[in-house]
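Visitor: I would like a close look at one part of this model, taken slowly and without decoration. Please pick a stretch where the chain order can be followed step by step, and then say what lies around it.

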Amino acid sequence: MPLVKLDENLYILELFHGPTLSFKDFGARFMARAMSYYASNSEHRISNRKGLNIIVATSGDTGGAVASGFYGLSNIKVFVLYPSRRVSELQEKQIATLGKNVVALEVKGDFDDCQRLAKAVLADPKLRSKINLSSANSINIGRLLPQMFYYFLGHAQYLGLRKSYGLAKSLDRPVFVVPSGNFGNLTAGLFAERVGLPIGKFIAAVNTNSGVPEYLRSGKLKVKKTRPTLSSAMDVGNPSNWARIMDLYGGRRDAIKGDIDAIAVSDAETKKTIRDIYKKFGYIIDPHTAVGVAAALRTKISGPKIVLATAYPAKFKEVVESAIGKKIPLPPQLARRAGFEFCSPKIQKKKKQSIVIEPKKEELHKILLNR
Ligand SMILES: *Cc1c(COP(=O)(O)O)cnc(C)c1O
């Protein structure tokens with residue numbers, strides 16, 4: 001989890017070194033293991049029904065991290081709902097080639113259909129009286145708690161780097177810039193601050209789909225239909241963790257604005273930022289991280305910024321290559337490293353094994369009860 005210093009005021013916290021090359025590995029893996037522990041120990045079991053069924057809706061990235069996090073664990077089955085033909089080929093491989101306790105459900109619809117289905121079955125009392133059900137989306141606090149830790153580790157590395165470069169010690173409250181979609185990552189940062197981490201301010205870096213910048217300006221959170229952007233994992237209009245943030249601040253917008261600023265970044269600016277950062281520093285960033293860097297460069301707040309890098313650039317190869325005008329081959333030592341199952345030729349060759357379903361609650365019911 002290295003912190004990279006690009007210049008005195010711009011630092012990148014690389015959170016993408018896990019098995020699916022996304023920061024989501026931190027939350028998903030911790031949660032999966034914690035749940036497996038509780039599901040396997042009878043003294044902790046909440047109900048007398050054995051085994052736990054996990055439902056997760058994904059637009060691409062969450063599914064891979066959750067599938068990999070739960071893969072092979074005992075007493076847990078995970079059902080990943082993803083929109084048919086709307087995730088990248090590699091994302092689909094991460095979700096649908098594992099097998100064992102990971103069931104890939106290919107929904108004939110879009111991400112909203114997947115999310116609607118997941119919510120519908122999770123809220124169904126009749127189904128819940130028959131089987132143990134839980135969610136693995138970032139609405140589950142089990143994913144956010146482990147994410148608090150990298151804010152502390154990033155901060156400690158930041159102080160160390162500044163010391164080793166002989167930079168001013170007084171700037172110990174850096175600004176954290178968080179590329180945000182459902183605001184789980186940023187909520188974890190707020191938790192870190194509440195338990196004592198000195199942070200100057202949070203900047204929520206979002207793409208043009210987010211309703212949050214408008215909410216901070218006017219107090220109205222409008223729900224718009226989302227459109228695909230280059231930072232696809234952040235294509236969220238109404239973030240599922242926003243209720244949590246409102247609750248943390250007692251619903252007071254001025255208090256939220258004191259801690260959080262939101263900056264929206266267009267696709268053109270995202271691409272330009274990837275290109276500029278590569279030209280200036282020889283450093284390659286993915287489109288989601290680029291939204292963060294663009295916000296860090298644009299904000300009027302002065303002082304050092306730490307941008308959370310949420311995905312490994314090669315995961316969004318097409319966008320990055322077209323922005324920098326160059327191929328980005330994967331270093332062979334990286335491709336071979338056991339953890340990087342996503343990049344290995346093995347997963348590229350694996351066959352997909354998904355169940356195609358209509359976006360109907362009854363179909364999902366049947367599958368959950370028969371598996
Ligand atoms: C999920 C995701 C985000 C957004 O994170 P939230 O916690 O939903 O705000 C940003 N970047 C990448 C690469 C992601 O996969």
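**Around strand E4**

Guide: Strand E3 (residues 52-57), helix H2 (residues 61-70) and strand E4 form a β-α-β unit of right-handed sense. The model is predicted, and what follows should be read with that in mind.

E4 covers residues 76-83, and seven of its eight residues are buried, so the strand is mostly covered by the 20% limit on relative accessible area. On one hand it pairs with E3 in the parallel sense, over six bridges. Within this pairing, Ile-54 has Val-78 of E4 as its bridge partner. E4 also pairs with strand E5 (residues 102-107), again in the parallel sense and over six bridges. Here Val-80 stands opposite Ala-104 of E5. To get from E4 to E5 the chain passes through helix H3 (residues 89-96), and this β-α-β crossover is right-handed. E4 therefore takes part in two right-handed units, one with E3 and H2, the other with H3 and E5.

Consider next the two helices that make these connections. H3 is largely enclosed by the rest of the structure, because six of its eight residues are buried. Those buried residues are Gln-91, Glu-92, Lys-93, Gln-94, Ile-95 and Ala-96. The names in this list include the charged residues Glu-92 and Lys-93. In H2, the residue to look at is Ser-68. Ser-68 counts as buried because its relative accessibility is 8%, below the limit of 20%. Its side chain makes a polar contact with the side chain of Arg-29, at 2.8 Å. The number of Arg-29 falls within helix H1 (residues 24-40), so this contact joins H2 to H1.

After H3 the chain enters a loop on its way to E5, and Thr-97 lies in that loop. Thr-97 is buried, because its relative accessible area is 4% and the limit is 20%. The side chain of Thr-97 reaches back to the backbone oxygen of Lys-93, at a distance of 2.6 Å. Lys-93 itself belongs to the buried residues of H3, so this contact links two buried residues, one in the loop and one in the helix.

Lys-100 is found in the loop between H3 and E5 as well. Lys-100 is exposed, because its relative accessible area of 67% is over 50%. One backbone angle of Lys-100 deserves a look: phi is near 50°, which is positive although the residue is not glycine. Most residues other than glycine have a negative phi. The loop thus holds a buried residue, Thr-97, and an exposed one, Lys-100.

A positive phi also occurs at Phe-183, where the angle is near 65° and the residue, again, is not glycine. Phe-183 sits in the loop between strand E7 (175-179) and helix H7 (184-194). In contrast to Lys-100, which is exposed at 67%, Phe-183 is buried, with a relative accessible area of 1%.

The numbers on either side of Phe-183 lead to the ligand. Fifteen residues surround the ligand, and the closest of them are Lys-24, Asp-61, Gly-181, Asn-182 and Thr-310. This shell divides into six nonpolar, seven polar and two charged residues. Asp-61 ties the site back to the starting unit, since residue 61 is where the range of H2 begins. A polar side-chain atom of Asp-61 lies 2.7 Å from an oxygen atom of the ligand. From the loop between E7 and H7, a polar backbone atom of Gly-181 lies 2.8 Å from an oxygen atom of the ligand. At residue 184, where the range of H7 begins, a backbone N or O atom of Gly-184 lies 3.1 Å from a ligand oxygen atom. Taken alone, the ligand exposes 390 Å², and the protein buries 96% of that.

Note on methods:
Residues are numbered from 1 along each chain as its sequence is written. This is a predicted model: local features need pLDDT of at least 70, side-chain atom pairs count only at pLDDT 80 or more; totals for chains, interfaces and linings use all residues. Side-chain values use heavy atoms; hydrogens and water are left out. A residue is near a molecule or strand if one of its heavy atoms lies within 4 Å of it. A polar contact is a pair of N or O atoms within 3.5 Å; within protein, one must be able to donate a hydrogen and the other to accept it, and residues adjacent in sequence count only if both atoms are side-chain atoms. Accessible areas come from the Shrake-Rupley method with a 1.4 Å probe; for residues, only the protein chains shown count as cover. Buried means under 20% relative accessible area, exposed over 50%, partly exposed in between (1.4 Å probe, protein chains only). Helices (H or I, at least four residues) and strands (E, at least two) are DSSP runs, numbered from the N terminus. Two strands pair if DSSP finds at least two bridges between them.
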